[in-house]
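Trainee: I would like to discuss how the strands and helices of this model are arranged. May we begin with the sheet?

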Amino acid sequence: MRVLVTGAAGFVGSHLQAFLRGEAVEVFGMDLPGTSLASGEGITGIAADMNDPEAAGRVIDAAAPDRIVHLAGQPSVHRSWAEPGETLRTNVLGIVNLLDAARRRGLQPAVLVVGSAEEYGLVEPSQTPLVETTPLRPSSPYAVSKVAQAALARLYGPAGGMRVVLARTFNHTGPGRGALFAESSFARQIAEIETGLEPPVLRVGNLEAVRDFTDVRDVVRAYWALLGSGAAGAAYNVCSGRGRSIREMLDMLLAHSKEKIEVRVDPERLRPSDIPVQVGDPSELRAATGWEPRIPLEDTLRDLLDDWRRRTGSGAPAPA
C-alpha cells in the first residue's frame, strides 16, 4: 500500500510517519521545498508547494497513492489574523489542487482531510460536548479556511470516485509541538528559565479557556483508523471528550519544574476572538473505528517539557 502524507515535515506529519513505520506501507512524505523531509527505508520525501497545480500533479505522479492524509496548510488561528489571505489561499487551494490532480489521473485513493474543531466557532458552554451535527460558526480566518476546505473536499472527492473522510481535530500536543501554541510556549519558557536563558517570568495569554487535549501520538492512530473505516463524506471529531483549562495545563507543566516561576499575563498573547469552551464528543469516531486515547495528558505534558529541555539544552530532570 502506498500512502501520501502532505505536510509531512510538520508536527503531526512527523508523528504520523513515525507511526506508519510500524505498518506494512510505503510512505511518501510531501512538504514545502527547504523543509526537513524524512527519508529512509519505506519513506520517500517529496518537496512541493500545493498552491501550485503542476507541483501537486508531480506529487501525485510520484506517489500514485492508495491513501492520502492531507495535513498540509497554515495551522495557526493566531497567524490567520495577521495573514488571512495567505491562510485562505494555502488551506483552500491546497486541497483543490491535490484532489484535482488525483481525479485527472484517474486515481481513486481514500483521502483523510484534516480539519479543526475551530470550525464549530463560538458556542455556549451548554452546547458542549460538541457533536458533528453542531452548526458550524467559524470565528477566525483559519476556521473559515477549514470549513471551505472540507466543503470542497466533499465536492471534489465524489467527482473523482474518491472516498473522502473528514476529521475535525480538537487540541493536540506532544513532543515536537511548535512554540506558537499555548501549552508548548509554556513548556519552552520553562525550559529556557531552567537553563538560564530567560529570567523566571512566564508570559501567558488567556488561562481561563477550556480545551479538549489529546496526545498527538493518539491522534495519528485515529487518522489511520479513519482512513480504514471512516464513512465517505462523514466528519469525525478527533478528541478525548474531556475539557481542561489552559491554567490547569500550565499548572501541570510547572509541577514538573523545580524553578520558582512568576506567571504574568501578556496582552500580546490574547486572541481577538477566543472561544471560552471547546470540548468534543468522540462517540462517532469510537463507533466507526474502536479508537480510544491511550496516553494520559500528564504524560503528554511531561514529554513535551522534556522535549523542550532537549531543544534548549537545559537537560533539567523532572522532579520525582
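Trainee: Which residue in strand 5 is the bridge partner of Val69?

Mentor: This is a predicted model, in which local features need pLDDT of at least 70, side-chain atom pairs count only at pLDDT 80 or more, and totals for chains, interfaces and linings use all residues. Residues are numbered from 1 along each chain as its sequence is written, and side-chain values use heavy atoms, without hydrogens and water. Strand 4 (residues 67-70) and strand 5 (residues 110-116) pair in the parallel sense over four bridges; strands are DSSP runs (E, at least two residues), numbered from the N terminus, and pairing requires at least two DSSP bridges. In strand 5, the partner of Val69 is Leu112.

Trainee: Which strands stand at the edges of the sheet?

Mentor: The open sheet has seven strands with parallel pairing, in the order 3-2-1-4-5-6-11. Two strands have a single partner strand each, so one side of each lacks a neighbour in the sheet. These are strand 3 (43-47) and strand 11 (235-238).

Trainee: How are helix 4 and helix 5 oriented to each other?

Mentor: Helices are DSSP runs of H or I with at least four residues. The axes of helix 4 (residues 84-104) and helix 5 (residues 141-159) come within 9 Å and cross at roughly 10°; axes are lines fitted to C-alpha atoms over the stretch in contact, with angles from 0 to 180 degrees between N-to-C directions. Contact means heavy atoms within 4.5 Å. Angles under 35 degrees count as roughly parallel, and the two helices are therefore roughly parallel.

Terms used. Parallel < 35°, antiparallel > 145°, perpendicular 65-115°, else oblique.
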